[in-house]
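Could you walk me through this model in the viewer, one selection at a time? I would like to know what to pick next and what is there.

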Amino acid sequence: MGGGRGDSDGLRRGLLTDEDSEEAAVDAATAADAEAGGWPPTADSPALDLPAGSSPSASEPLLVAAEDPGFSVTPPPDGYHPSLLSREGSLTSLRALPPPRSRWRLPFPAKSAAWFAGTIVALLGAVVLVALAFPLPPSGSTPACRTGAVLAVLPPAGANGTQQLVVWGGRGQSGDLFHGLHLLSMTDLTWRKVKERGVEPAPLSAPPPSEQQQPPATPLPSMRWRAGAAQIQGLGLLIHGGEATTKKGRLAAQNDTWLLRVPELRWQRGAACADANCSAGEPPAPAPRLGHSLTSFQDERGRPALLLFGGRRQDGVLLNDVWLGTLEGWPVVTWTLLHDPQAGVGTGPAPLPRRGHAAVMQNGSSLIIHGGRSEVYGSFTDVWSFSLAGHRWSPLLPTRAVQPAPRDSHAAVLWQGRLLIYGGRFGSPGEAYRPIGDRWVFDLQERSWVQLPIRGLSPLPRFLFGWAQFSPVGGGADQLAIFGGETGSGCKLNDAWVLDLGSRHWVQLSSPAFATRQCDQLFG
């Protein structure tokens, strides 16, 4: 029995190391014990005497081999659990595998619905992101943020009427040009949008009834910005030129003339000559341009007249010509070239070619210009006077060194023999533009500049804004009205302000609603 016990112990130790044939090792150990006669134990086998206080281990099988042939072992007690290394334990201790899952697939309609719902969610997310970057445009009839718009002040219509600011044209934050008329009441400070309507010029000679055709569509001015504008007393707002969108969708400089008749608020196009066919040949007219100035006055015969100066052609050439436009009877505008150094017309010194300058009329006899910009020299700060009597330019040199910073795209008004300028931008060629918000007064008699202090509420620094000088109802000092423009970081504006030229205090008429979230965070 001693040899059988040793063989059995060896085989059972092999069970712990042989991972390749566990079942074969167990069978071999069982056969060896049976041949030796010591296993399996029988009922007649003697009991195992264990030391006091000890008991068989419950974690391993009780394997006892007696050297004496009469020695026997007791069977495992109740509650005994076989080792996981034994065959029985390895088979009975395995956890039951879960039942195989059935591969459930969405039907095609459900898949389509899920894909559609996901697409809608993605689109809504994109809309939210765009809304955060570009807020909704101003609600109601408030004009959108823009630069290069035309601004005018309409007289009250009737005894109980009110003055109104009118805004037309301009270029938005995304570069789009605007159409439509926006009116701001000076009484209740509310905006309203007016649909544009036109008036077909009456033909000089009516064709025979047999040749009459269906009347063409009512003409309207094309969308544009940086046009010359002037108010004609008794007629309305007159615009000339600017950069407009062509039929091919391109931007091009214009040289047409349009009148917004007041109080009808209807557009009517001007004609270059009285003869519809211009049989005498093409009459002279200013070249297409933008960034020029247009001022109105009454000539010695009491007729409405215009003075046009400077600007930039579509090919980038800057101009410094002076044109006289006479309204012989609207819609006819007769143009006459008074001075143009580049064409050899006129004598004496002249201001350098420029765009974005400010111009005013003095006593209906001379044109005063200030500032402007050249791609070669940058911004200007000079003052010039053009005499209608002699068709000559004269520089108005300051007598003191104190003077405003060079600028362009600003406003200038004439009040009590003084030239007041506001805003604009400063920047040399190759430098970033810097908006300006200061006010300076130039005494035309003393030829000296004085800067006005900023008191109280004032608008943001800006350039390329619309502006107009007007006299308030009921008398008092003239006022300067401004609208829109561009301030720092390329942010465009749509607020309106009025400056009292007597008290020199600002009054805000409407608050800005910025076109982008970034601009609202910076200046809102």
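The tour below goes from model confidence to two sheets and then to a cavity.

**Stop 1: colour by confidence**

This is a predicted model, so start by colouring the chain by pLDDT. The average over the chain is 81, and 71% of the residues reach at least 70. Now select residues 45–68, where the pLDDT is below 50. Beyond near neighbours in sequence, this stretch still has 34 contacts in the model. Next, pick residues 83–91, where pLDDT also stays under 50. Here the model has 17 contacts beyond four places in sequence. A word of care for both selections: where pLDDT is low, the predicted coordinates should not be read in detail.

**Stop 2: the sheet that starts with E11**

Move along to residues 293–298, which form strand E11, and to residues 332–339, which form strand E14. They belong to an open sheet of four strands, ordered E11-E12-E13-E14 and paired antiparallel. Which strands stand at the edges? E11 and E14 do; each has a single partner strand, so one side of each is left without a neighbour in the sheet. Look across the strands to see the turn between neighbours, which averages 25° when direction is ignored.

Now add strand E12, residues 304–312, to your selection. Six bridges join E11 and E12 in the antiparallel sense. For one of the bridge pairs, show Ser293 together with its partner in E12, Phe309.

**Stop 3: the sheet that starts with E21**

Further along the chain, select strand E21 (411–415) and strand E26 (448–452). The open sheet here has four strands, in the order E21-E22-E25-E26, with antiparallel pairing. Since E21 and E26 stand at the edges with a single partner strand each, one side of each is left without a neighbour in the sheet. From one strand to the next, the twist averages 25°.

Between those edges, highlight strand E22 (residues 418–422) and strand E25 (residues 439–443), which pair antiparallel over five bridges. Show Leu419 and you will find Phe442 of E25 standing opposite.

**Stop 4: the cavity**

How many cavities of 30 Å³ or more does a search of the whole structure find? There is one, and the space in the largest cavity is about 30 Å³. To frame the largest cavity, select its lining: Tyr422, Gly437, Arg439, Ile454, Ser458 and Trp506. Coloured by class, this lining shows three nonpolar, two polar and one charged residues. Two of the strands from the previous stop come back here: Tyr422 lies within E22 and Arg439 within E25.

Notes. Residues numbered from 1 in each chain as written. Predicted model: local features only at pLDDT ≥ 70, side-chain atom pairs only at ≥ 80, totals over all residues. Heavy atoms only, no water. pLDDT = per-residue confidence, 0-100. Contact = heavy atoms within 4.5 Å. Pairing = 2+ DSSP bridges. Axes fitted to C-alpha atoms, helices over the stretch in contact; angles between N-to-C directions. 1 Å grid on protein atoms, 1.4 Å probe; cavity = no way out; pocket = protein on both sides within 12 Å on 5 of 7 lines; lining within 4 Å. Points joined across faces, edges and corners; volume = space filled by probe spheres on them. Nonpolar A, V, L, I, M, F, W, Y, C, P; charged D, E, K, R; others polar.
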